[in-house]
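Here is a model to read slowly, with the sequence beside it. What can be learned by going from charged pairs to sheets and then to single residues in loops?

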Amino acid sequence: MPAANQAAAAERIAQLRAEIEKHDYAYYVLDAPIIPDAEYDKLFRELVALEAAYPELVTPDSPTQRVGGRPLPEFGELTHRVPMLSLANAFSAEEVEAFDRRCREGLGVARIRYACEPKFDGLAVSLLYENGIFVRGATRGDGYRGEDVTQNLRTVRNLPLRLKGEALPRFLEVRGEVLMLKRDFARLNARQAELGEKTFANPRNAAAGSLRQLDPRVTAKRPLRFYAYGVAEASQEDRIAKSHSEAMAKLMAWGLPVVAEREVVEGVEGLLAYYERMARKRQDLPYDIDGVVYKVDDLEAQERLGFVARAPRFAIAHKFPAQEALTVVEAIEVQVGRTGALTPVARLSPVFVGGVTVTNATLHNEDEVHRKDVRVGDTVIVRRAGDVIPEIVSVVHERRPPHARPFVMPKTCPVCGSAVEKPASEAIARCTGGLYCPAQRKQAILHFASRRAMDIEGLGEKLVDQLVERGLVKSVADLYRLTAHELSSLERMGEKSAQNLVTAIEKSKATTLSRFIYALGIRNVGEATAKDLARHFGDIKALMNASADQLMAVPEVGPVIAESIVHFFAEPHNRRVIDELLSAGVHWPHEKSAESGKLAGKTFVLTGTLSSLTRAAAKAAIEAAGGKVTESVSKKTDFVVVGEEPGSKYDKARALGVTVLDEAQFLELLR
């Protein structure tokens with residue numbers, strides 16, 4: 001072979017070894033991986049291929065000849081009696097078929113029984129039991145020497161310190177995985193965030209970091225789990241099983257946790273069918289997996305097949321498509337949602353991840369962008385799990401270009417130009433042009449027409465979609481310009497349906513001030529608040545011109561609601577739409593302000609059944625007179641109106657000394 005080719009290969013091999021060693025240290029020692037697993041696998045496979053092509057360049061210290069990272073010096077060191085080797089990986093059905101063929105040829109048989117199990121995404125450990133008592137445990141380390149984490153393993157709640165049953169082996173070495181369930185990981189991260197401490201990128205990092213704490217008391221507080229996946233060695237006189245599946249059943253009988261999702265299958269078709277089943281179940285499993293593991297079930301056959309330098313010949317890991325990948329942020333754009341929420345979205349260089357090509361990833365909100373420090377031009381790790389929207393996990397800061405700039409949320413809506421508001425207490429920035437913004441148009445119309453708002457019967461979601469998409473309605477004011485002729489041209493809209501809708505729209509013009517305020521869709525203003533505002537101001541113009549202080553004089557209106565109202569009416573687009581609605585003939589009876597009603601400022605609670613009017617009618621009568629109805633009795637309650645069979649509210653009113661009115665007294669007060 002030409003010397004030039006060999007020299008180039010030697011140079012590339014040296015680069016790959018240095019790169020892999022760096023990532024091994026970050027992954028195994030620091031528990032802080034720099035790149036996703038798929039990227040690491042790509043580097044490793046390239047090194048394996050080059051060393052296979054140039055075997056004379058293979059050296060004993062090559063990453064292909066070892067398993068993981070060196071033990072941390074802070075922990076004691078344990079030598080594994082049986083090396084903890086890694087598994088070779090398969091990424092396609094063809095590679096699984098090749099594995100099956102090698103096993104059949106190596107054993108000289110036509111068909112093989114395999115034990116299949118999930119491939120956990122956790123931290124591999126080895127446990128030693130003597131006469132059924134747990135005596136020590138270690139991490140994988142470099143495969144030959146691991147870290148002595150015995151004291152930390154003793155804190156893992158589901159790991160038995162004493163095996164149960166009779167006739168236990170004198171000596172037993174169990175291999176398994178320490179991990180964190182998804183729900184426990186979410187709780188841990190939430191607690192870490194509350195305490196202002198470091199959150200973890202994923203359950204694997206959380207489990208590894210927790211097990212390798214120098215203080216076992218910290219480990220004890222972490223929700224770690226252990227699952228056994230094999231027996232490395234048992235005392236010679238105690239050969240415990242003839243097959244891997246039988247050995248796993250024995251471990252389970254002795255009280256060791258063993259995963260339920262394991263099966264024994266036959267032939268390569270059985271392997272691939274198991275892979276498909278687990279791929280479908282993956283998202284619903286309580287723990288993370290990144291593939292499945294196939295092992296020749298017969299233990300004697302395993303011994304005959306033996307090992308290569310760093311992996312057994314009788315087993316292989318069939319990896320799922322990478323859920324994480326590296327790519328570059330080409331731009332950060334802002335999308336406006338149906339409710340006006342502004343969401344930063346990263347436009348990415350196309351990358352294949354999670355089985356699809358990804359070009360966009362959500363960044364959730366401005367705070368999240370700054371927390372992850374994502375900038376245009378950054379190389380990032382993108383994750384996609386199942387049908388979940390792709391997201392950026394982290395930035396590879398080592399690859400940041402000098403021209404990268406921090407993201408700044410725009411001050412005006414990128415769709416309609418209205419002002420953007422972001423209350424100090426919220427993470428989401430929003431467009432204030434709710435009645436005008438095209439991005440919010442459909443949502444605004446549906447809310448405006450809803451039964452508790454303007455009550456336009458027949459104006460449903462599919463019809464609104466057509467009206468907006470055909471450009472017939474650009475704001476809610478345009479509803480009052482629609483003609484039966486225009487409507488009859490829409491899908492599933494005959495002349496009669498069109499005329500019925502026009503009639504319903506015309507009918508909605510006669511409304512109440514509180515319904516109209518609610519229909520505007522002001523953030524944080526619900527029906528009850530709309531009624532309070534209508535009673536207090538009595539006029540839409542007075543409300544539109546009210547200051548925050550004036551708004552907070554309304555009962556139940558605090559700084560957050562006041563700020564939302566001020567921002568909404570400060571937007572010229574919204575004021576223009578309201579003027580158009582009034583010009584179109586939307587009107588309501590003149591409402592006296594709350595201060596002028598005879599029950600102004602009085603709070604009522606209703607309990608029991610009234611004989612002369614319904615609960616709704618009683619409430620309407622109180623509100624018409626300027627009073628307010630609430631559901632619970634407190635010291636601030638002025639009157640409790642009691643009908644037949646009153647509930648506990650009556651007792652509470654008596655206990656608090658609140659004035660109690662029977663039905664006759666209530667009617668007299670109203671007169």
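The questions and answers below concern a predicted model and go through its salt bridges, its sheets and two residues in loops.

Q: How many salt bridges does the structure hold?
A: Side chains of opposite charge can pair when their charged atoms come close. Counted over this predicted model, the number of salt bridges is 41.

Q: Is D142, which forms a salt bridge with R145, buried or exposed?
A: The closest N and O atoms of D142 and R145 are 2.6 Å apart. The partner R145 has a relative accessibility of 34% and counts as partly exposed. For D142 the relative accessible area is 6%, and because buried means under 20%, D142 is buried.

Q: Which residue forms a salt bridge with R277, and where does that residue lie?
A: In this pair the closest N and O atoms are 2.6 Å apart, and the two residues belong to distant parts of the chain, 14 residues apart. R277 sits in helix α9 (residues 267-281), while its partner is in strand β9 (residues 263-266). R277 counts as partly exposed at 29% relative accessibility, and the partner likewise counts as partly exposed, at 31%. The residue asked for, in strand β9, is E263.

Q: How many residues apart in sequence are the parts that the pair of R400 and D373 ties together?
A: The side chains of R400 and D373 meet in a salt bridge, at 3.0 Å from N to O. R400 lies in the loop between β16 (391-395) and β17 (420-421), and D373 lies in the loop between α11 (366-372) and β15 (379-383), so the parts tied together are separated in sequence by 27 residues.

Q: Which residues are linked with E368 in a network of salt bridges?
A: Here the charged residues are joined in a network of salt bridges rather than listed as one pair. Together with E368, the network holds R371, K372 and E391.

Q: Which residue of β16 stands opposite V382?
A: β15 is mostly covered, with four of its five residues buried. Strand β12 (residues 324-336) pairs with β15 in the antiparallel sense over five bridges, and there V328 has T379 as its bridge partner in β15. β15 is also joined to β16 by four bridges, and these two strands run antiparallel. In β16, the residue opposite V382 is I392.

Q: Which strands stand at the edges of the open sheet with the order β2-β11-β10-β3-β9?
A: This open sheet has five strands with mixed pairing. An edge strand has a single partner strand, so one side of it is left without a neighbour in the sheet, and the two strands placed this way are β2 (89-90) and β9.

Q: What angle does the direction of α9 make with that of β9?
A: Strand β3 (residues 113-120) is joined to β9 by four bridges, and the two run antiparallel; among the residues there, Y114 has V265 as its bridge partner in β9. Helix α9 packs on the sheet and touches β3, β9, β10 (289-296) and β11 (315-319), and its direction makes with that of β9 an angle of about 140 degrees.

Q: Which residue of β20 is the bridge partner of T603?
A: Four strands form an open sheet with parallel pairing, in the order β20-β19-β21-β22. Since β20 (628-629) and β22 (659-661) stand at the edges, each has a single partner strand. Strand β19 (residues 603-607) pairs with β20 in the parallel sense over two bridges, and in β20 the partner of T603 is K628.

Q: Which helix lies across β19, β21 and β22 and runs at about 95 degrees to β22?
A: Helix α23 (residues 648-656) lies across β19, β21 (639-642) and β22, but its stated angle is about 135 degrees, taken to β19. The helix with an angle of about 95 degrees to β22 comprises residues 663-670 and is α24.

Q: Is E645, with its positive phi, buried or exposed?
A: Phi of E645 is near 50 degrees, a positive value in a residue other than glycine, and E645 is found in the loop between β21 and α23. D455 also has a positive phi, of about 55 degrees, without being a glycine, and D455 is partly exposed with a relative accessible area of 40%. For E645 the relative accessibility is 76%, and because the cut-off is over 50%, E645 counts as exposed.

Terms used: Residues numbered from 1 in each chain as written. Predicted model: local features only at pLDDT ≥ 70, side-chain atom pairs only at ≥ 80, totals over all residues. Heavy atoms only, no water. Salt bridge = Lys/Arg side-chain N within 4 Å of Asp/Glu carboxyl O. Buried < 20%, exposed > 50% of the residue type's maximum accessible area, 1.4 Å probe, protein only. Pairing = 2+ DSSP bridges. Contact = heavy atoms within 4.5 Å. Axes fitted to C-alpha atoms, helices over the stretch in contact; angles between N-to-C directions.
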